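The following exercises concern strands, a ligand site and a loop residue. Each task sentence is followed by a solution in steps.

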Amino acid sequence: MIYQVYVRSFLDSTGDGIGDLAGVRAGLPYLKKLGVDGIWLSPFYPSPQHDHGYDVADYCDVDPLFGDLAEFDLLMTAARRLGIRVLLDIVPNHCSSEHPWFREALASPPGSPARARFHFADGRGPDGAEPPNNWHAMFGGPAWTRIAETDGRPGQWYLHMFTPEQPDWNWRDAEVPAQFDRVLRFWLDRGVDGFRIDVAAGLFKHPELPDSPDPEADARTRDSVNPLAWNQPEVHDVWRHWRSVCEEYTARDGRERLLVGEVSVPSAREHALYVRPDELQQAFFFDLLSAPWDADAFRKVVSEAMQDIAGTGSTVTWVLNNHDQVRTVTRYGEPATDGSGLGAARARAAALLMLALPGAAYVYQGEELGLPEVVDLPDDVLTDPIFRRTGSRARVRDGCRVPLPWSGQVSPFGFTSGAEGVRPWLPQPEYFAEYATDRALADTRSFWHLYRDGLQLRRELPQLGEGDLRWLDTPPGVLAFVRGDGLVCAVNFATAPATAPVPGTPLLASGPCPPGVLPGSTAAWWIGDL
Ligand code: GLC
């Protein structure tokens, strides 16, 4: 299980209201106690922070906002000492418009080698005033921005699948892959255990950049649906190569280096191509996250993943949340709850289900506290570029990025070491007091204890290791499966109680669970004789 640390919201050790690497180091014992195998650190590289670090200006340094390389080394040493592996977030699809190579491209003429590292093209229509094609950017607006040439006249356009501050690299230019080789080695030489790869179905675009067949569909969703902009076959060569670089390091010291991709593709079969034996070891399978709270929907997702991904010999990598998604408790709440009702019960049950599945599990920070989405942030504090670019709050991601509460009754709840009056970069609601880590640790009924106990059993019980699962016959609304020689996990998606598939007291349950009964919105694990 890998825990996703969203650095700017984890713990602030420098007192500026923004989390940092020293804060992550200070929080490691907490994560060790929780029982994580590793952490994935969201981008901390020098960046103008237009997309909170997913706009990288320098791939081989630390933004002063988060610390410096010496601090990074201290974090690595501390993590190693505790046996916690560290994955960095690498962003190969695009960089920041402040990246020196993009600045060089702007200062160079059309057709120059500096421009070839990106996608520059002449516009269409009279005077080239129309974008080169009809693609939409993921965060709203067209995927192209027109520049002024060095003589001040309107000039070429460049492609950006996200914001204009995030120009896309041209992976068909040999300098781009060569640069990323240097980046990988830079961090591998500093001891990292691997990388989470941002937008791993991106990188290559159709070589002719033709119009999208359905631009309106592309614009409606944040999913990568434009078949000309995503999931091009050439990207697999990159993952094969990156894997070989990682294997080279593993061959030296026997330590595994892990590549996990953020892969949004249309089907589990397409997904499986990214985790072939010589490509990425893991790729996030987002279908569980997108499934509604419904037994049939969950069963379909799990069955498909087991058949189309695990069935090819690869690992399924399960996710219920991350820094781009509405928090689980709120997503499952009907209507949005304060975290104490139905949404919370379902989120707890979903967590136990995920931890019982064969494969890897990723958990986003704060989920172990059962934090709800902060749904009422005022417009003027929102920082997500999606808000600025679409003018709508509909897909805005700030609500899951509010800094963690650690202790105490009032904001900043121990998040920042700053003097009184230093505010966290996003305001924390008063009710975060109920979710603070000190309270969670003290209360054995908390989300935290559920995750901790689940993770401990996951390490101890051989049934919860690699392997298959077998579905049991269950009444509608209930799912149950067996792992190994008899670990049963059952989830009741309905609100009314059901008969438990196994008699006796469960090993672990997401809520009160008397013998023989599986209450509504509850999951439990038993060792059964089946
Ligand atoms: C990924 C990240 C997201 C970011 C986007 C652009 O989807 O998870 O936070 O905004 O890529 O880099």
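A residue counts as buried when its relative accessible area is under 20%. The model is predicted.

**Exercise 1. Determine how the residues of S14 are oriented and how many of them are buried.**

Step 1. Strand S14 spans residues 487–492. Leu-487, Cys-489 and Val-491 point one way from the strand, while Val-488, Ala-490 and Asn-492 point the other way.

Step 2. By the cut-off of under 20%, these residues are all buried. Six of the six residues of S14 are therefore buried, and the strand is mostly covered.

**Exercise 2. Identify the strands that pair with S14 and place them in the sheet.**

Step 1. S13, residues 478–483, pairs with S14 in the antiparallel sense over six bridges. Among the facing residues, Ala-480 stands opposite Ala-490, and Phe-481 has Cys-489 as its bridge partner.

Step 2. The hairpin of S13 and S14 has three residues between the strands, and Gly-484 takes a positive phi near 55° there.

Step 3. S14 is also joined to S18 by six bridges, and these two strands run antiparallel. In this pairing, Cys-489 stands opposite Trp-525.

Step 4. The open sheet consists of five strands in the order S12-S13-S14-S18-S16, with antiparallel pairing. S12 (469–471) and S16 (508–509) stand at the edges with a single partner strand each, so one side of each has no neighbour in the sheet.

Step 5. Helix H12, residues 342–356, packs on this sheet and touches S13, S14, S16 and S18. The direction of H12 makes about 35° with that of S18 (522–527).

**Exercise 3. Describe the pairing of S6 and account for its enclosure.**

Step 1. S4 (residues 120–121) pairs with S6 in the antiparallel sense over two bridges, and Phe-120 stands opposite Tyr-158.

Step 2. S5 (residues 144–148) and S6 run antiparallel and are joined by four bridges. The bridge partner of Arg-146 in S6 is Trp-157.

Step 3. S5 and S6 form a hairpin with five residues between them, and Gly-152 in the turn has a positive phi of about 90°.

Step 4. Five of the six residues of S6 (154–159) are buried, so the strand is largely enclosed by the rest of the structure.

**Exercise 4. Characterise the surroundings of the ligand.**

Step 1. The ligand is surrounded by 14 residues, of which the closest are Asp-51, Asp-198, Glu-262, His-323 and Asp-324.

Step 2. For the polar contacts, consider the distances to oxygen atoms of the ligand. An N or O atom in the side chain of Asp-324 is 2.5 Å from one; a polar side-chain atom of Glu-262 lies 2.7 Å from one; and for an N or O atom in the side chain of Arg-196 the distance is 3.1 Å.

Step 3. Taken alone, the ligand exposes 310 Å², and the protein buries 95% of that.

**Exercise 5. Decide whether Pro-48 is buried, exposed or partly exposed, and list its contacts.**

Step 1. Pro-48 is in the loop between S2 (38–41) and H2 (69–82).

Step 2. The relative accessible area of Pro-48 is 33%. Since buried requires under 20% and exposed over 50%, Pro-48 is partly exposed.

Step 3. Leaving aside neighbours within four places in sequence, Pro-48 is in contact with Asp-55, Ala-57, Ser-96 and Glu-98. Ser-96 is 48 residues apart from Pro-48 along the chain, and their C-alpha atoms are separated by 7.6 Å.

How values were computed: Residues numbered from 1 in each chain as written. Predicted model: local features only at pLDDT ≥ 70, side-chain atom pairs only at ≥ 80, totals over all residues. Heavy atoms only, no water. Buried < 20%, exposed > 50% of the residue type's maximum accessible area, 1.4 Å probe, protein only. Pairing = 2+ DSSP bridges. Contact = heavy atoms within 4.5 Å. Axes fitted to C-alpha atoms, helices over the stretch in contact; angles between N-to-C directions. Near = heavy atom within 4 Å. Polar contact = N/O pair within 3.5 Å; in protein donor to acceptor, adjacent residues only side chain to side chain. Areas by Shrake-Rupley, 256 points an atom, 1.4 Å probe, with all protein chains shown as cover.
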